[in-house]
Amino acid sequence: TICSGTSIQLLASGGAKYIWTPSTGLSDTTIENPIATPTKTTTYKVLISSGTCEDSAFVTITVNPQPTAKAGQDKTLCIGASTEIGEAAQAGYSYNWQPTAGLDDATKANPTASPTSTTQYILTVTGNGGCTAIDTVLVTIGTIKAIVSNDTSICEGASAKLSASGGSKYEWSPSAGLDNTSIANPTANPTSTTKYMVLVSSGTCIDSAFVTVTILPPPNANAGEDKPICIGESTQIGTPAEAGNSYSWNPSTGLSSPNASQTIASPTTTTTYTLTVSNAAGCVKSDEVIVTVNQRNERSFTLQPDMVTILPGKQFT
């Protein structure tokens, strides 16, 4: 009996010449000790002769199939975690794992592995006739450290690029204000100050980190109430300045101080002025005021004699 894929040497004696049949799987059919490598169970006949004397004999080689050994895919674990290795058992086969450390049962086809250090397990599967097959699996004990970008501050309506590293998968929460919660570097555009958490994982190893996106308040932009004036007149627009802010008016036409919070406006036509305010953090806000220019209405008056009263001691012209 042999295992599939292996060989055995045959041996005949008692004569001077030898003829083996069938020839399939034989290294030589005319010698007394050929090497046989059949792919299936085969009965060989040898014809032995010496001069005119002949005799024959038979030998059967039983070929048992090789078992299949499947130790499974390599795994990465964190310390204290466990994983199943191997695959489902096949009827009629026996299993043996080496080393046995960290295994719940070293004779199972698919034991649970909980090693404390990186370990390569060797699986030996034994089938009919003692035929064996071997496979290996590597269980790596790893560590993971979530690394995240620094806390950041943005102006209302702006966005910030977050970043994380240290693993192969990323999951951000909460999702509010994020363009993608499952990438390493999402863009955040929250409407209020938000603390984000990222779960970083690789295999069964998981770690977390946090980053806060603070929303900075915008400056106060107040261009004042809309004003009507007559042509050739002036009016004040804007409101008192606040410390730390810078101011800019557009257009600057007809303004006495286009970079002040309050300025005198003397437009010749109705004009919409836009006040842009920037604070120390770089946040910007705008407001508008309309200065309406009205044309003067000239009128002529004629005085009739009966409309005039001359007061004593007064001279009327």
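This note describes one sheet and two nonpolar cores of a predicted model.

1. Basis. The model is predicted: local features need pLDDT of at least 70, side-chain atom pairs count only at pLDDT 80 or more, and totals for chains, interfaces and linings use all residues. Residues are numbered from 1 along each chain as its sequence is written, and side-chain values use heavy atoms, with hydrogens and water left out.

2. The sheet. Three strands (DSSP runs of E, at least two residues, numbered from the N terminus) form an open sheet in the order β3-β5-β6, with antiparallel pairing; a pair requires at least two DSSP bridges between the strands. Because β3 (17-21) and β6 (53-61) are edge strands with a single partner each, one side of each has no neighbour in the sheet. Neighbouring strands are turned by 20° against each other on average, direction ignored, where axes are lines fitted to C-alpha atoms.

3. The β5-β6 pair. Strand β5 (residues 42-50) runs antiparallel to β6 and is joined to it by 9 bridges. L47 has S56 of β6 as its bridge partner.

4. The largest core. A nonpolar core is a set of buried Ala, Val, Leu, Ile, Met, Phe, Trp, Tyr and Cys residues joined through side-chain atoms within 4.5 Å; buried means under 20% relative accessible area (1.4 Å probe, protein chains only). The largest has 19 residues, and L162, W172, Y196 and V198 have the most contacts inside it. Two or more residues each come from β18 (169-173), β20 (194-202) and β21 (205-216), with β21 giving the most, 5 residues.

5. Around L162. Beyond its neighbours within four places in sequence, L162 is in contact (heavy atoms within 4.5 Å) with residues including S149, L178, P186 and V213. Another core, of 17 residues, lies apart from the largest one and includes A71, W97, A106 and I141.

Note on methods. Helices (H or I, at least four residues) and strands (E, at least two) are DSSP runs, numbered from the N terminus. Axes are lines fitted to C-alpha atoms, for helices over the stretch in contact, and angles run from 0 to 180 degrees between N-to-C directions. Buried means under 20% relative accessible area, exposed over 50%, partly exposed in between (1.4 Å probe, protein chains only).
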